[in-house]
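Here's a quick tour of a protein chain for you to follow along with. Have a look at the fold first, then work through the points below.

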Amino acid sequence: MGVDSDGTEEHSWAVDPEDEQGAAVVAALGRQMRARREALGMRVGDLAAAIQYGEALIYKVEGGKRIAKPEYLDKVDDALKAGGLIRAMVEDLSRVRYPKKVRELKKMEAKAVEVAAYSIHHVHGLLQTEACARAMFEMRQPAYTEDEVERFVAARQDRWSIFNRNPAPTLSFVHEESALRRPLGGTMVWRQQLEHLLEASQLRNMSFQVMPLDRAVHAGMDGGIDVLKFGDGTAVGRSAGAFNGRPVSDAKQLRILELRYGMIRAQALSPWESRAFIEHLLGVT
């Protein structure tokens, strides 16, 4: 990752100017750190010398312009003799480094008891390896900055905690064959991605299917589909080809998405056939 001359990119994350809620949290925590430092009569230069970080970084963190990384907070906590109060900010600061939309999505995924997804152009974000996710973000146009790439990769990794939940949610994925044949990131990255899919497809709570290119009838021609169902009986869904791409929770609209997804699953290869298909791809890549 690139480093500024003052080290800010190495030791902190950027603040999303469009995320008012996140920016407010960062600013509030920055003020708390500044108040603690000033209460001890410590100047910025003194703190910089104590923690071995540049003064510019301290000013930006205290001013709510950058999000401090955990190792920075650890050193500041010790230098200011805060007794863990500053170190306790790690969770709040780490959470707001992710884009607002990702935080909201992760919150819904954390509550979902069922997840269903039909993916067209690439492997679904929940199933991507770190290397594949990084390659995906690096190839976006207009190009993301290195700081943005790191932020988005970290956010995607945070969503993967869904696989560690207990009880585990029921997961169902259907991917287009073309999405699995395109070697995004290069051969080695893509082999690792296919191996990861093969391993994930063995999970007892997950169904993974491939939609082959030779199907003459295809219910998913209108675009990808995502549906999350919750324990209280409610659900939310989204499809680029329905309802102007907006998230929907109305029962009638959800029924349309579920109908399409059900037909897609019926038209796709079975889970066993899909595993064999991935094994075949691994044998020829």
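Let's start with one helix: the buried residues of H13 are Ser 274, Phe 277, Ile 278, Leu 281 and Leu 282. Here, buried means under 20% relative accessible area, exposed means over 50%, and partly exposed is what lies in between (1.4 Å probe, protein chains only). Keep in mind that this is a predicted model, where local features need pLDDT of at least 70 and side-chain atom pairs count only at pLDDT 80 or more, while totals for chains, interfaces and linings use all residues. Residues are numbered from 1 along each chain as its sequence is written, and side-chain values use heavy atoms, with hydrogens and water left out.

**Helix H13 up close**

- Seen down the axis of H13, the buried residues fall within an arc of 140 degrees (taken from the directions from the helix axis to the C-beta atoms), so they line one face of the helix.
- Turn to the face away from that buried side and you'll find the exposed residues Trp 272, Gly 283 and Val 284.
- H13 runs over residues 271-284, which makes 14 residues, and reaches 20 Å from first C-alpha to last. That is close to the 20 Å expected at 1.5 Å a residue, where the expected span is 1.5 Å times one less than the number of residues.
- What covers the buried residues of H13? The cover includes helix H10 (177-181), helix H11 (187-200) and strand S5 (206-211). Contact here means heavy atoms within 4.5 Å.
- Glu 177 lies in helix H10 and is buried, with a relative accessible area of 10%.
- Leaving aside neighbours within four places in sequence, Glu 177 is in contact with Val 210, Met 211, Pro 212, Leu 213 and Phe 277. Phe 277, you may recall, is one of the buried residues of H13.

**The whole chain**

- The protein chain has 13 helices and seven strands. Both are DSSP runs numbered from the N terminus: helices are H or I with at least four residues, strands are E with at least two.
- Along its principal axes, the C-alpha trace of the chain spans about 75 × 45 × 35 Å.
- Of the 285 residues in the chain, 45% are buried.
- Take the contacts between residues at least 6 apart in sequence: 71% of them join residues at least 24 apart.
- The chain exposes about 14900 Å², and carbon and sulfur atoms supply 52% of that. Accessible areas come from the Shrake-Rupley method with a 1.4 Å probe, and for residues, only the protein chains shown count as cover.

**Helix H3 and its surroundings**

- Which residues of helix H3 (residues 44-51) are buried? They are Val 44, Leu 47, Ala 48 and Ile 51.
- These residues cover an arc of only 100 degrees around the axis, which puts them on the same side of H3.
- The buried residues of H3 pack against helix H2 (20-39), helix H4 (55-62) and helix H5 (70-79).
- Asp 74 lies in helix H5 and is partly exposed, with a relative accessible area of 29%.
- Asp 74 and Ile 51 are 23 residues apart in sequence, and their C-alpha atoms are 9.4 Å apart in space.

**A long-range meeting point**

- His 11 lies in helix H1 (residues 8-11) and counts as buried, at 16% relative accessibility.
- Not counting residues up to four places away in sequence, His 11 touches Tyr 53, Leu 57, Ala 68, Lys 69 and Tyr 72.
- His 11 and Tyr 72 are 61 residues apart along the chain, yet 6.8 Å separates their C-alpha atoms.

**Backbone oddities**

- Most residues other than glycine have a negative phi, and most peptide bonds are trans.
- Gln 52 has a positive phi of about 65 degrees although it is not a glycine. Gln 52 lies in the loop between H3 and H4 and is exposed, with a relative accessible area of 63%.
- Asn 244 has a positive phi too, near 60 degrees. Asn 244 is in the loop between strand S7 (235-239) and helix H12 (251-267) and counts as exposed at 72% relative accessibility.
- A cis peptide bond joins Gln 141 and Pro 142, with omega about -5 degrees. Pro 142 is in the loop between helix H8 (130-138) and helix H9 (146-159).
- The peptide bond from Asn 166 to Pro 167 is cis as well, with omega near 5 degrees. Pro 167 is in the loop between H9 and strand S4 (170-176).
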